[in-house]
Every structure is written in structure tokens, then in C-alpha cells.
Amino acid sequence: ESSGHIVQTLSVSGATQRSNIRVGFVDNDDPFSAIDENGVKSGYAYEYLQYLAYYASWRYEYVYGDFSTLYNQLRNGEIDMLLHVFKLEEDVDNLYFSDYPMGSESVFLFVKPENTSVIQNSLKTIEGKTVAVASNFYGLPFLKTWLRHNNLSCKLVMYDTEEEAIDAFERGFVDMLFYSDTHCNLDWIPLSRIAAFDYYIA
């Protein structure tokens, strides 16, 4: 332990045979991970990687793509490491995970500041509203459970991708967005936290 940080133990398959570790990097264009027009990487994910490299004497070969593609490459052994991975039951025996989570992510119902019909911490104002959500978003089952538990009825408008759901929300086609706080726009107003999850390096 150094400077208040915990150096995590992580086995990187095949990395000892190569000079570089193939690490997946997602350009989310947000405070978690981003790449600017000059190709300069930034964000919490990038800083975390640099911290690990310093203590473990690692060198990286970056592989770029969307998370789903990189996650499949990790599972297939095409890359060695990926950040922001949840411990799914089907992967616990197939992937190596860091001993400690690198962070925790919460999923919220978000509303735009100009939408005054929905009031923060007032559940009754959510009733009957429309919610944009990606059809494969990991938090969707938790939202459905939360709505049932609170006897609320909302119309879930399903989109093929997170980008499409965000676009519909930003353009005012729906009242709310169901999304994570890790990648959210800081101008959005979080209404209610639905669930929280630890994420790891794998």
C-alpha cells in the first residue's frame, strides 16, 4: 500500500511472455474514459491504468472499440485486460478479476433540468412518464423491480443502443433516461438511485 492506495493483485494471462499488455480502451467521451481529437487519452480509466503500470512495470498496447466488442475480445483471449467489468456469474470461472473493485457504479433515473414535470425525490411525479433505456442495459431488471416495489407505472421506451437512448432523451422524445452515473452528463439531474454495483479489472 502506498499513498493511501491499494495495489491490486491481477493475473494477466500471457502478459509475462510479451513486452506489452493488450488492454481494451473505450472512448466514452466522458470523465471516465475519453480520447480527444489529437488522440490523447484521459479520464479515470486512463489514470488508473497509468497507476497500475507504474507499480507493476507494465507497458500497454491499447486496443480500441466499444465495450461490447472489447468484452468479447477479453472473453476470447484476444486482449489481456479490460477495465470497468462487472462480476457476472458466467464469467467468474473464466476470467481473472482484481482482488478489489476499482470503483462502484450506480444507476439512476435522470431528467433534464428544463423538465419541471418530474421533481427530484418525489416519486409520484414519475408515474406515467416515459423512460429511455437501452434494451441490453445491465440495470434494466433492477429498474423493473424498483418500479414494482414502489407501485409505479412508467412506459419503458427501448432502444437498440445506449447512444440511441441518450439521443432520444437529449432531444426531448422521452421524459427520463435510465443510465449509470459513471458515464452520465453532469447537467442531468438524478432523480432516484435504483441500484449500485462494484466493477473490476478483468
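Reader: What makes the meeting of Arg171 and Asp167 a salt bridge?

Author: Good place to start! In this predicted model, a side-chain N of one and a side-chain O of the other come to 3.3 Å. The cut-off is a nitrogen of Lys or Arg within 4 Å of a carboxyl oxygen of Asp or Glu, so the pair of Arg171 and Asp167 qualifies.

Reader: Why is Arg171 called exposed?

Author: Its relative accessible area is 55%. Exposed means over 50%, so Arg171 passes that mark. Asp167, its partner, has 37%. That value lies between the 20% limit for buried and the 50% limit for exposed, so Asp167 is partly exposed.

Reader: How many salt bridges does a search of the whole structure find?

Author: There are 4 of them. Another one joins Asp91 and Arg75, whose closest N and O atoms are 3.1 Å apart. That value is within 4 Å, so this pair is a salt bridge too.

Reader: Why can we say that Asp91 and Arg75 tie parts of the chain together?

Author: Look at where each residue sits. Asp91 is in the loop between strand 5 (81-82) and strand 6 (103-111), while Arg75 belongs to helix 2 (residues 67-75), so their bridge links parts that are 16 residues apart in sequence.

Reader: How do you know whether Asp91 is buried or exposed?

Author: Its relative accessibility is 1%. The label buried needs a value under 20%, so Asp91 is buried. Arg75, at the other end of the bridge, has a relative accessible area of 42%. This falls in between the two limits, so Arg75 is partly exposed.

Reader: Which side chain meets that of Glu114 in a salt bridge?

Author: That would be Lys112, with an N to O distance of 3.2 Å. Glu114 lies in the loop between strand 6 and strand 7 (130-134). With 55% relative accessible area, Glu114 is exposed. Lys112 has 15%, a value under 20%, so this residue counts as buried.

Reader: How far is Glu114 from Asp181 in sequence and in space?

Author: The two are 67 residues apart in sequence, and their C-alpha atoms are 19 Å apart in space.

Reader: What makes Asp66, Asp160, Glu163 and Glu164 a patch?

Author: These four gather on the surface as a patch of negative charge. Patch members need over 30% relative accessible area and no salt bridge, and like charges are joined within 9 Å. Take Asp66: its relative accessible area is 42%, so Asp66 clears the 30% mark, and the label partly exposed fits as well. Asp66 is found in the loop between strand 4 (60-64) and helix 2.

Reader: How many charged side chains does the chain have?

Author: There are 14 positive and 29 negative ones, and the centres of these two sets are 5 Å apart.

Reader: What makes the phi of Ser57 worth a remark?

Author: Most residues other than glycine have a negative phi. Ser57 is not a glycine, yet its phi is positive, near 55°. This residue lies in the loop between helix 1 (44-56) and strand 4, and its relative accessibility of 64% makes it exposed.

Asn151 is another case, with a positive phi of about 55°. Asn151 sits in the loop between helix 3 (140-149) and strand 8 (155-159). Its relative accessibility is 69%, which is over 50%, so Asn151 is exposed.

Reader: Why is Ser192 called buried?

Author: Its relative accessible area is 12%. That is under 20%, so the label fits. Ser192 is part of strand 10 (residues 189-199). Setting aside neighbours within four places in sequence, its contacts are Val107, Phe108, Leu109, Leu123, Ile126 and Trp146.

Reader: And the whole chain: which elements does it have, and in what order?

Author: The chain has 4 helices and 10 strands, and from the N terminus they run β-β-β-α-β-α-β-β-β-α-β-α-β-β. Its C-alpha trace spans about 55 × 40 × 35 Å along the principal axes. Of the 202 residues, 46% count as buried. Among contacts between residues at least 6 apart in sequence, 70% join residues at least 24 apart.

How values were computed. Residues numbered from 1 in each chain as written. Predicted model: local features only at pLDDT ≥ 70, side-chain atom pairs only at ≥ 80, totals over all residues. Heavy atoms only, no water. Helix = DSSP H or I, 4+ residues; strand = E, 2+ residues; numbered from the N terminus. Buried < 20%, exposed > 50% of the residue type's maximum accessible area, 1.4 Å probe, protein only. Patch = residues over 30% accessible without salt bridge, like charges linked within 9 Å, V, L, I, M, F, W, Y side chains within 5 Å. Areas by Shrake-Rupley, 256 points an atom, 1.4 Å probe, with all protein chains shown as cover. Lys, Arg positive; Asp, Glu negative; His and termini not counted. Charge placed at Lys NZ, Arg CZ, Asp CG, Glu CD. Contact = heavy atoms within 4.5 Å.
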